[in-house]
Amino acid sequence: MQHRRRWFILLGFLIACAPNCLAEITLVQDTSETWENSNTVSATFSYTPTEGNLLVAIAGARVGSAAPTTPTGWTVIISQPTGSPGQIMYYRIAGASESATLSVGPYSNSTSRGLHLYEYSGIDTTDIIEDTASASGTGTTLSSGSVTTADEGVMLAGVMTNANATLSSWTNSFDEWNNFINAGTPTNKSRYGGADTVSLYSGTYSTSVTASGSGAWIGQIVALNAAQNCACTVTTVADNGAGSLREAITKANNCTGTTISFDIPAPGNMSKGTDSWWRIQPDSALPTILSRSTTIDGSTQTTNQGDSNSVGPEIE
């Protein structure tokens, strides 16, 4: 399936975005497959993943075994394959001409298996994972464990149970993306689920989901960092608030390499003859710029709004 989402993404992970010049996180697509009495499991996206996007895989097994060889180019997030059920989470940054198919295995045994895949855009590809957690037990309430985040991001949670059951009612505003079960006889069926949410604030995040039948279960969660979007635009001469120079400097101090540009609608608040320009007059001292890599580019006012001042700059 393809998805377009702005604020919420769940699946055993938690991710946040927005206030500190962070990118918008989007769940681009997801898929799932089950294999029965097999020592491998594979799943295929509907579309070729986009280069630079984050791919996440969650591989579950009804009967535990030693961990298989990690798929080429993938990195382990959480590895708990030996329990019954057992589960492993992996990630990878999609490359050029990325394969739409992932195979995990061979494992050392054959059993019922499930694999769900997720593709996200807007994830920080240099500082991907902020925290991970897991939980396990027996019963009808499946939990992810708790992760703690210092900034905005997305949380992705993956769970499975060895009960022949359905899953419902994810807690804490997690949205379900996958809920699937093995084919075959009831004694060989396991149920798999994935959900995510986007966090807007620092804090501790977790989720749980209810199974219609009791069984051994495992849950895992990962907190993924949003990519920095080091571009802030001044759109008003107001002293503070959205689009102000004060807000732009504050954001830049939380995002190394920010370029502050200007796009204030004409006409300017200063004029002489047919010329007009904007004068920004703060009511109090502006924040100190903390990074030498911050750029304030006043020429962008001319680029965005045109040359309205023939004798000088459009911003002063």
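In which sense do strand β5 (residues 75–80) and strand β6 (residues 86–93) pair, and over how many bridges? The tour returns to this pair after a view of the whole protein.

**The whole model**

The structure is a predicted model, in which local features need pLDDT of at least 70 and side-chain atom pairs count only at pLDDT 80 or more, while totals for chains, interfaces and linings use all residues. Residues are numbered from 1 along each chain as its sequence is written, and side-chain values use heavy atoms, with hydrogens and water left out.

Display the C-alpha trace first: along its principal axes it spans about 85 × 35 × 30 Å. Colour the protein by secondary structure next, and two helices and 21 strands appear. Helices (H or I, at least four residues) and strands (E, at least two) are DSSP runs, numbered from the N terminus. Of the 316 residues, 49% count as buried, where buried means under 20% relative accessible area, exposed over 50%, and partly exposed in between (1.4 Å probe, protein chains only). Among contacts (heavy atoms within 4.5 Å) with a separation of 6 or more, 77% join residues 24 or more positions apart.

**The sheet that contains β5 and β6**

Select residues 75–80 and 86–93. Strands β5 and β6 pair in the antiparallel sense over five bridges; two strands pair if DSSP finds at least two bridges between them. The two strands form a hairpin with five residues between them. Show threonine 75, which stands opposite tyrosine 91 in β6, and then valine 76, whose bridge partner in β6 is tyrosine 90.

Extend the selection to the open sheet of five strands, which has the order β2-β8-β4-β6-β5 with antiparallel pairing. Strands β2 (26–38) and β5 stand at the edges with a single partner strand each, so one side of each has no neighbour in the sheet. From one strand to the next, the twist averages 10 degrees.

**Tryptophan 177**

Move to strand β13 (residues 175–181), where tryptophan 177 lies. Is this tryptophan 177 buried or exposed? Tryptophan 177 counts as buried because its relative accessibility is 14%. Select serine 99 as well: tryptophan 177 and serine 99 are 78 residues apart in sequence and 21 Å apart in space, C-alpha to C-alpha.

**The parallel sheet and helix α1**

Now select the three strands that form an open sheet in the order β17-β18-β21, with parallel pairing. Strands β17 (231–234) and β21 (295–296) stand at the edges, each with a single partner strand, so one side of each is left without a neighbour in the sheet. Strand β17 pairs with β18 (residues 259–262) in the parallel sense over four bridges. To see one bridge, show alanine 231 and its partner in β18, threonine 259.

Add helix α1 (residues 245–252), which lies across β17 and β18 and runs at about 160 degrees to β18. Axes are lines fitted to C-alpha atoms, for helices over the stretch in contact, and angles run from 0 to 180 degrees between N-to-C directions.

**The cavity**

Finish by selecting β20 (275–277) and α2 (299–305), each of which supplies at least two residues of the lining of the largest cavity. Residues of this lining include Ile264, Trp277, Trp278, Gln301 and Glu314. On a 1 Å grid over the protein atoms alone, a cavity is a set of points where a 1.4 Å probe fits but cannot get out, and lining residues have an atom within 4 Å of a point.

Conventions: 1 Å grid on protein atoms, 1.4 Å probe; cavity = no way out; pocket = protein on both sides within 12 Å on 5 of 7 lines; lining within 4 Å.
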